[in-house]
Amino acid sequence: MGSQTVKRAILLSAWIIIIAAAIIEALIFLHLVRLPFVQVNVFGATHSLTHWIGWIGTLYIAFATPFLPIVRRKAPIYFENTLNIHIIGNLVAVLLVSVHFAHQVTRSASSYPDLGTGVVLYAAMMLLVATGILRYSGIGKRFAKQIIFLHPAFAVTFYLVIILHILHGISLI
Ligand code: HEM
Ligand code: HEM
């Protein structure tokens with residue numbers, strides 16, 4: 001397959017995952033779908049199902065992302081494949097985190113969470129997706145070049161805020 005064909009396939013898959021995430025989120029917001037509030041035990045820690053789904057997505061983004069700049073420097077021949085995995089993997093992780101996000105912000109008034117770090121994180125994640133798509137697709141090339149720095153900048157925001165969010169989530173702050 002030519003690299004242009006691969007690029008089209010990646011972009012099409014990217015949009016399919018984004019649209020699927022938006023539909024799942026809308027269904028949760030409209031209270032049409034809700035994952036059962038079951039407790040799941042992982043290595044002795046017990047939490048709700050949606051909590052673990054959020055953990056999986058977050059851990060994936062946090063640990064998989066640094067591979068891209070590392071591969072670029074140390075093993076550039078694998079860069080293109082790593083970038084494809086960066087895009088599709090991160091978007092699947094964003095979908096998982098969206099399930100956690102949507103369940104949190106639609107909790108009943110009597111047990112409503114303390115909105116804060118999670119909202120900032122979600123905004124940073126949406127901006128990562130938007131700037132990532134802009135950079136990969138090359139839509140508006142001159143504009144995309146000027147804002148190229150935003151994608152890693154939002155990644156830094158993500159890493160800083162996730163620490164605060166986890167400390168808040170496990171009730172340390
Ligand atoms: C990018 C990843 C994540 C996003 C976008 C996100 C988003 C949110 C949002 C919007 C809330 C509502 C409260 C707030 O605004 O802070 C929330 C609550 C919560 N999140 Fe996350 N979350 C993420 C990852 C995680 C992770 C990894 C954990 C594991 C500790 C976690 C644990 C919790 C808990 C325990 C609450 C309830 C807090 C409360 O009741 O006040 N989240 N999350
Ligand atoms: C959601 C979590 C994401 C995080 C934390 C993240 C983070 C990063 C980081 C740290 C870099 C390397 C810094 C740089 O090259 O400027 C990078 C590069 C890149 N990312 Fe992401 N990213 C995410 C999602 C995405 C998505 C969804 C896309 C595309 C749809 C994407 C497309 C790209 C592209 C095209 C590059 C540049 C590769 C190159 O140098 O040519 N990223 N990302």
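These notebook entries record what I looked up in the structure.

**Conventions.** I am working from a predicted model, in which local features need pLDDT of at least 70 and side-chain atom pairs count only at pLDDT 80 or more, while totals for chains, interfaces and linings use all residues. Residues are numbered from 1 along each chain as its sequence is written, and chains are lettered from A and ligands numbered from 1 in the order in which they are written.

**Overall fold.** I counted 7 helices and 2 strands in the protein chain, taking helices (H or I, at least four residues) and strands (E, at least two) as DSSP runs numbered from the N terminus. From that terminus on, the order of elements reads α-β-β-α-α-α-α-α-α. I then looked up the radius of gyration, which is taken over C-alpha atoms, the globule rule being 2.2 Å times the number of residues to the power 0.38. For 173 residues a compact globule would have a value near 16 Å, and the 17 Å of the protein chain agrees with this. Along the principal axes, the C-alpha atoms fill a box of roughly 55 × 35 × 30 Å.

**Hairpin.** I found β1 (residues 39–42) and β2 (residues 45–48) paired in the antiparallel sense over 4 bridges, where pairing requires that DSSP finds at least two bridges between the strands. Val40 stands opposite His47 in β2. The two strands form a hairpin with 2 residues between them, and Phe43 in the turn has a positive phi of about 45°.

**Nonpolar core.** I next took the largest nonpolar core (a set of buried Ala, Val, Leu, Ile, Met, Phe, Trp, Tyr and Cys residues joined through C-beta atoms within 7 Å; buried means that 20 or more other C-beta atoms, placed from the backbone, lie within 10 Å of the residue's own). Of its 22 residues, those that touch the most other members are Ala93, Val94, Val97, Leu121, Met125, Leu128 and Phe158. Two or more residues come from each of α1 (3–29), α4 (79–105), α5 (117–137) and α7 (150–169), and α4 gives the most, with 9 residues.

**Ligand 1.** Around ligand 1 I noted 23 residues, the closest being Thr58, Gln104, Pro113, Gly118 and Gly169, where a residue counts if its C-beta atom, placed from the backbone, lies within 6 Å. The elements that give two or more residues to this shell are α2 (49–64), α4, α5 and α7, and α5 gives the most, with 6 residues.

Terms used:
A residue is buried if 20 or more other C-beta atoms lie within 10 Å of its own, exposed if 12 or fewer, and partly exposed in between; C-beta atoms are placed from the backbone.
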